[in-house]
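Got your viewer open? Let's take a walk through this model, one selection at a time.

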Amino acid sequence: MMSKLILFNPRSARSKPRIPNSILSVAASVEGLFEYVIVDGNMETDPAEKIFSYLAQNEFKYIGLTCMPGPQLQQAIPISKKIRELYPQIKIIWGGYFPSNQSKVVLHSGFVDFVINGPGDKCFPALLDALENNKPYELIGNLIYKRDDQIVKTKKDELYDQDQLPLLPYKKLNSFYSIGKYLGKTYLGSKTIAYHSSFGCPFKCSFCAVVPIYNGRWKGKSAKMIYEDIRYLKQHFGGNAIEFHDNNFFVSEKRVVEFSQMIKPEKMVWWGEGRIDTINKYSDDSLALMRESGCKMIFFGAETGNDEILKKMDKGGTQSAGQIRSFAARMAKFDIIPEYSFVLGTPANTPGEVMKQIDQDIAFIKEIKEINPKTEIIIYVYSPVPTEGSEMYNKVLESGFRFPENLEDWIGPQWDKFDLRKNPLTPWLTPEMIDKIKNFETVLNGYYPTISDVRLNGFKRNFIRTIASFRYKTGIYRKPYELKALQILWKYRQPEIEGF
Ligand code: B12
């Protein structure tokens with residue numbers, strides 16, 4: 001009999017649970033080949049207890065876990081470490097964005113045996129087969145492991161045809177955790193489905209964690225396959241809205257138009273992430289159809305109003321400050337809310353230049369709000385990702401910035417907020433700069449509370465807006481304690497921290 005494996009999704013704190021697509025895709029890849037159990041940290045009060053009760057059965061030989069930077073590490077690290085101590089024979093395999101981008105520190109920890117580098121759909125079953133049958137694994141693509149003290153990365157596979165991948169085992173997930181509990185209330189609907197329909201992104205922005213893994217490649221499922229999955233989740237579990245979790249849902253206008261036509265009769269509200277320059281090329285007819293089919297809001301990386309910095313970010317395409325402005329107006333015509341994210345605090349030659357740029361970006365954001373007040377603004381403080389060779393990352397290294405050298409430092413008090421892009425340990429940013437950004441954000445969120453906060457009623461919105469009005473209009477952002485207090489009192493939702 002084949003050995004069993006545990007698939008673990010560590011808790012991503014603060015957010016409501018979403019369908020755990022990462023671990024579900026991994027489950028799909030071994031369906032019928034290996035017996036597995038799923039442990040979702042978002043659904044368990046004590047996932048460690050659950051995992052160790054499985055391990056005590058002595059039938060399990062592998063644990064695979066998925067991990068993003070930030071809160072998931074708080075469970076991924078101590079649980080892996082304890083498994084190594086108590087059950088040294090168990091093979092521990094990490095996949096997802098964090099280990100793919102930080103493989104060295106993960107493997108040097110001594111309690112992770114393999115890292116899956118990007119898509120695990122073929123690599124994972126092949127690795128398990130090799131380990132089970134004492135076969136070599138050195139030729140399996142998308143794998144990172146340690147040999148002697150060297151980190152070995154195997155070749156990267158081409159992106160797989162997404163329609164050929166096995167269907168997600170929703171029924172199996174439902175046997176561990178009721179899928180209904182994953183379909184949460186959001187501003188899109190009362191039962192929101194999280195769906196992931198493509199891998200990668202055709203662009204190579206130097207601040208983006210997707211780039212080192214996908215290197216400008218993108219592949220998506222066909223509209224028909226997406227539609228069939230969504231319809232299944234609607235019919236069986238009552239899903240009535242969709243969040244597309246793709247890095248770039250809108251790469252193909254043809255695919256989006258086909259999907260819009262199919263989903264329109266289902267009357268579901270949907271949301272996804274795209275690029276301004278890509279969607280700006282869409283025809284008016286396509287945009288109108290998208291809106292009619294339920295597309296209410298789209299997330300865009302606007303990044304900055306400075307064309308020079310857009311270039312340094314390797315944003316690529318045709319995105320410019322002018323286009324960011326005119327596109328906000330175009331979206332208003334179609335009644336699609338643009339959700340613009342900005343990355344403030346990128347490195348520059350002098351502290352004066354960094355501060356000047358922050359001020360210019362703040363002014364630009366206010367200009368966008370004038371053009372289309374419905375634009376939702378998300379502000380991130382720049383935190384580096386290892387996009388080796390990019391001008392931006394070279395500047396980061398020049399500044400003396402280094403990632404932690406011990407895996408456990410990532411959950412220490414200095415680093416645990418790093419990838420939430422709220423508290424970066426970046427030498428070129430002074431506390432005054434961080435304060436400026438955060439204070440402006442507090443005032444902006446007061447004057448224009450996000451529509452994605454379903455708890456904030458009309459009265460609260462008007463009240464906080466009135467209080468924030470003087471600061472917003474005069475530009476006096478320092479120490480906005482009164483607004484902070486209201487936001488804490490009303491548990492104001494920040495999409496940039498909680499995810500969507
Ligand atoms: C859904 C999601 C979340 C959910 C969490 C869902 C969960 N796990 O429970 C929420 C909304 C909570 C979330 C939060 C955050 N997220 Co998030 N999130 C995503 C998102 C949009 C989709 C992930 C997903 O489901 N992908 C679909 C699956 C199928 O793809 P996948 O994860 O890549 O999995 C494949 C491979 O990686 C691999 N694999 C993955 N895991 C494993 C495990 C094993 C064992 C194996 C073998 C293989 C394997 O195989 C899979 C199939 O091929 C991604 C972006 C993206 N499009 O992937 C960002 C992303 C992963 N998140 C990111 C970040 C930074 C965060 C935050 C830390 C901060 C933020 N501002 O968003 C917060 C954390 C906040 C918090 N409070 O926890 C970044 C990571 C960047 C980086 N530096 O590495 C991403 C890439 C977004 C981005 N472009 O910046 N997130």
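Strand E12 (residues 269-274) is a good place to begin: select it together with E13, and you'll see the two pair in the parallel sense over 5 bridges. Bear in mind as you look around that this is a predicted model. To find one of the contact points, click Gly 272, whose bridge partner in E13 is Ile 298.

Now add strand E14 (residues 337-344). E13 pairs with E14 too, again in the parallel sense, over 6 bridges. Here, pick Met 297 and look for Ile 337, its bridge partner in E14.

How many of the 9 residues of strand E13 are buried? Select residues 295-303 and show what surrounds them: 8 of the 9 are buried, so the strand is largely enclosed by the rest of the structure.

**On to a helix**

Next, select helix H17 (residues 431-447). Put a ruler on its end C-alpha atoms: they are 24 Å apart, which agrees with the 24 Å that 17 residues should span at 1.5 Å a residue. Color the buried residues of H17, and you'll be marking Ile 437, Phe 440, Glu 441, Thr 442, Val 443, Leu 444, Asn 445, Gly 446 and Tyr 447. What do they pack against? The neighbors are E14, which you already have selected, plus helix H15 (351-371), strand E15 (376-381), helix H18 (458-474) and helix H19 (481-489).

Keep H17 and H15, and hide the rest. Their axes come within 10 Å and cross at roughly 5°. That is under 35 degrees, so H15 and H17 count as roughly parallel to each other. Show side chains where they meet: Val 354, Met 355, Ile 358 and Ile 362 from H15, and Met 433, Lys 436, Ile 437 and Phe 440 from H17. By class, this contact has 7 nonpolar residues, no polar ones and 1 charged residue.

**Two loop stops**

Most residues other than glycine have a negative phi. Here are two with a positive value.

Go to Asn 58, in the loop between helix H2 (47-55) and strand E3 (60-66). Its phi is near 60°. Asn 58 is exposed, with 9 other C-beta atoms within 10 Å.

Then jump to Asp 314, in the loop between helix H13 (307-312) and helix H14 (321-333). Asp 314 isn't a glycine either, yet its phi is positive, at about 55°. Is Asp 314 buried or partly exposed? Partly exposed, with 18 other C-beta atoms within 10 Å.

Notes:
Residues numbered from 1 in each chain as written. Predicted model: local features only at pLDDT ≥ 70, side-chain atom pairs only at ≥ 80, totals over all residues. Buried ≥ 20, exposed ≤ 12 C-beta atoms within 10 Å, placed from the backbone. Helix = DSSP H or I, 4+ residues; strand = E, 2+ residues; numbered from the N terminus. Pairing = 2+ DSSP bridges. Expected span 1.5 Å × (residues − 1). Contact = placed C-beta atoms within 7 Å. Axes fitted to C-alpha atoms, helices over the stretch in contact; angles between N-to-C directions. Parallel < 35°, antiparallel > 145°, perpendicular 65-115°, else oblique. Nonpolar A, V, L, I, M, F, W, Y, C, P; charged D, E, K, R; others polar.
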